[in-house]
Amino acid sequence: MAPAMTTTSSSSDDTFDIINYAVHQGHGVKGLSELGLKSLPNQYVQPIDERIDMTTVIDEHSIPVIDMSDLSDQKVADSICDASERWGFFQVVNHGVPLKVLDEVKESTYRFFSQAAEEKNKHSKDNSPTNNVRFGTSFTPHAEKALEWKDFLSLFYVSQEEADAYWPQACKDEALEFLKSSEIMIKKLLGALTQRLNVKEIDEEKENLLMGSKRINMNYYPKCPNPELTIGVGRHSDVSTLTILLQDQVGGLYVRKLETDSWIHVPPIEGAIVINIGDALQIMSNGRYKSVEHRVAANGNHNRISVPIFVNPRPNDVIGPLREVIEGGETPIYKQVLYSDYVKHFFRKAHDGKGTVDFAKI
Ligand code: OGA
Ligand code: NI
């Protein structure tokens with residue numbers, strides 16, 4: 001159901017068309033936040049089950065922090081694989097991506113979002129000359145009953161030339177640099193993870209399947225009136241092979257503890273990068289590595305940004321449990337699916353926890 005175009009609330013904050021302003025004119029939730037609303041517009045009020053219930057958040061432990069400086073040490077490779085089986089999420093330090101690159105991509109995220117709505121809206125679904133660049137708000141507003149308190153820019157990498165032609169000047173170079181500088185770290189992580197899946201060597205075909213396409217997003221979560229009534233990003237798992245997430249120091253990312261109803265906060269660590277397993281690697285590993293549900297809280301005091309890189313198979317790849325995994329005698333629990341069909345299924349619906357993976361279940 002589409003959100004109502006006008007509101008029935010008697011609140012004075014709702015006397016103009018919120019959806020038109022935020023979604024269609026490109027002001028986003030950043031624009032709403034800067035209006036200084038006293039209360040959250042109705043369209044953003046989430047059902048109770050979708051809000052973060054702080055009594056379900058446990059703080060006795062968090063996800064592992066792994067030092068990547070010596071990957072020739074089998075213990076380090078093992079800790080990457082163990083974390084991917086048990087938590088689906090970990091943070092890495094000494095990852096080899098220069099801090100300057102991280103700082104500059106965060107700065108450029110602020111630079112992009114600080115532009116006028118008309119400028120950002122040139123990259124909206126309706127206005128962008130390419131599907132590979134998309135500025136938007138919430139997740140998929142036409143399919144959501146309640147909207148999410150987030151604006152984003154999403155950039156699908158094709159080539160330097162394509163980026164030069166279409167990516168916003170405000171952040172193009174910095175986004176490309178982050179993509180390039182994280183390449184070696186990504187290969188190391190995938191090398192360690194596939195070793196445990198009996199993959200002897202990542203040849204060109206396997207490399208394409210694991211990391212043949214990449215998407216970089218820039219997320220902006222502005223300060224929110226009544227943050228406890230809404231959500232920055234709803235419960236979901238990523239459709240990637242791996243996600244590389246750079247977050248700032250504000251915090252607010254929560255990860256579900258596997259096989260429980262408890263949630264764990266991912267504490268910001270200066271210079272660290274958060275890594276999580278996506279659905280594609282859960283499927284390729286036949287369920288050994290876990291793509292875990294996560295979500296982001298809205299914040300009443302601070303603006304927050306994050307910059308994830310989604311490392312993906314190529315759209316035309318067929319993904320399923322890897323041959324090397326099945327040869328070991330395991331029964332496949334997932335079928336072979338065209339990756340672009342899988343991704344379409346994800347974007348067709350509102351965030352729904354781990355719902356997307358059912359699409360590939362046998
Ligand atoms: C995402 C996501 C988390 C964050 O973009 O898929 O989960 O901290 N982001 O912004
Ligand atoms: Ni995510």
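Reader: Why is Cys-224 called buried?

Author: Happy to start there, with the note that this is a predicted model. Cys-224 has a relative accessible area of 4%, and buried means under 20%, so the word applies to Cys-224. Cys-171 is buried too, because its relative accessible area is 0%.

Reader: How do you know how many disulfides there are?

Author: A disulfide needs a pair of cysteine sulfur atoms within 2.5 Å. By that rule the count comes to zero disulfides.

Reader: What makes Lys-214 buried or exposed?

Author: Lys-214, a residue of strand β5, has a relative accessible area of 10%. The cut-off for buried is under 20%, so Lys-214 is buried.

Reader: Which side chain has a polar contact with that of Lys-214, and why is it called one?

Author: The partner is Glu-183, at 2.7 Å. A polar contact is a pair of N or O atoms within 3.5 Å, where one must be able to donate a hydrogen and the other to accept it, so the pair Lys-214 and Glu-183 earns the name at 2.7 Å. Leaving aside neighbours within four places in sequence, Lys-214 is also in contact with other residues, including Leu-155, Tyr-157, Ile-186 and Phe-310.

Reader: What surrounds ligand 1?

Author: Twelve names could be read out, but here is a selection: among them are Asn-219, His-236, Asp-238, Leu-245, Val-296 and Pro-308. Each counts because one of its heavy atoms lies within 4 Å of the ligand.

Reader: Which side chains have an N or O atom at 2.8 Å or 2.6 Å from an oxygen atom of ligand 1?

Author: Arg-304 has an N or O side-chain atom 2.8 Å from a ligand oxygen, and for Ser-306 the distance is 2.6 Å. Tyr-221 joins them, with a polar side-chain atom 2.6 Å from an oxygen atom of ligand 1. The limit for a polar contact is 3.5 Å, so the distances for Tyr-221, Arg-304 and Ser-306 fall within it.

Reader: How do you know that β1 and β2 pair?

Author: Pairing asks for at least two bridges, and three bridges join β1 to β2 (residues 89–93), so the two strands pair; they run parallel. Within this pair, Ile-66 is bridged to Val-92, and Asp-67 has Val-93 as its partner.

Reader: Why is β2 called largely enclosed?

Author: Four of the five residues of β2 are buried, so the rest of the structure largely encloses this strand.

Reader: What makes β1 and β3 edge strands?

Author: They belong to an open sheet of eight strands, ordered β1-β2-β10-β7-β12-β5-β4-β3, with mixed pairing. Both β1 (65–67) and β3 (133–137) pair on one side only. Neighbouring strands here are turned by 25° against each other on average, direction ignored. Helix α3 (residues 74–86) packs on this sheet and touches β1, β2 and β10, with its direction at about 160° to that of β1. Helix α4 (residues 99–113) lies across strands including β3, β4 and β5, and runs at about 60° to β5.

Reader: How do you know that β8 and β11 pair?

Author: Three bridges join β8 (residues 253–256) to β11 (residues 294–296), and at least two are needed, so they pair; the strands run antiparallel. Val-255 stands opposite His-294 in β11. Both strands sit in an open sheet of four, in the order β6-β11-β8-β9, with antiparallel pairing. Its edge strands are β6 (233–236) and β9 (263–265).

How values were computed: Residues are numbered from 1 along each chain as its sequence is written. Chains are lettered from A and ligands numbered from 1 in the order in which they are written. This is a predicted model: local features need pLDDT of at least 70, side-chain atom pairs count only at pLDDT 80 or more; totals for chains, interfaces and linings use all residues. Side-chain values use heavy atoms; hydrogens and water are left out. Axes are lines fitted to C-alpha atoms, for helices over the stretch in contact, and angles run from 0 to 180 degrees between N-to-C directions. Contact means heavy atoms within 4.5 Å. Buried means under 20% relative accessible area, exposed over 50%, partly exposed in between (1.4 Å probe, protein chains only).
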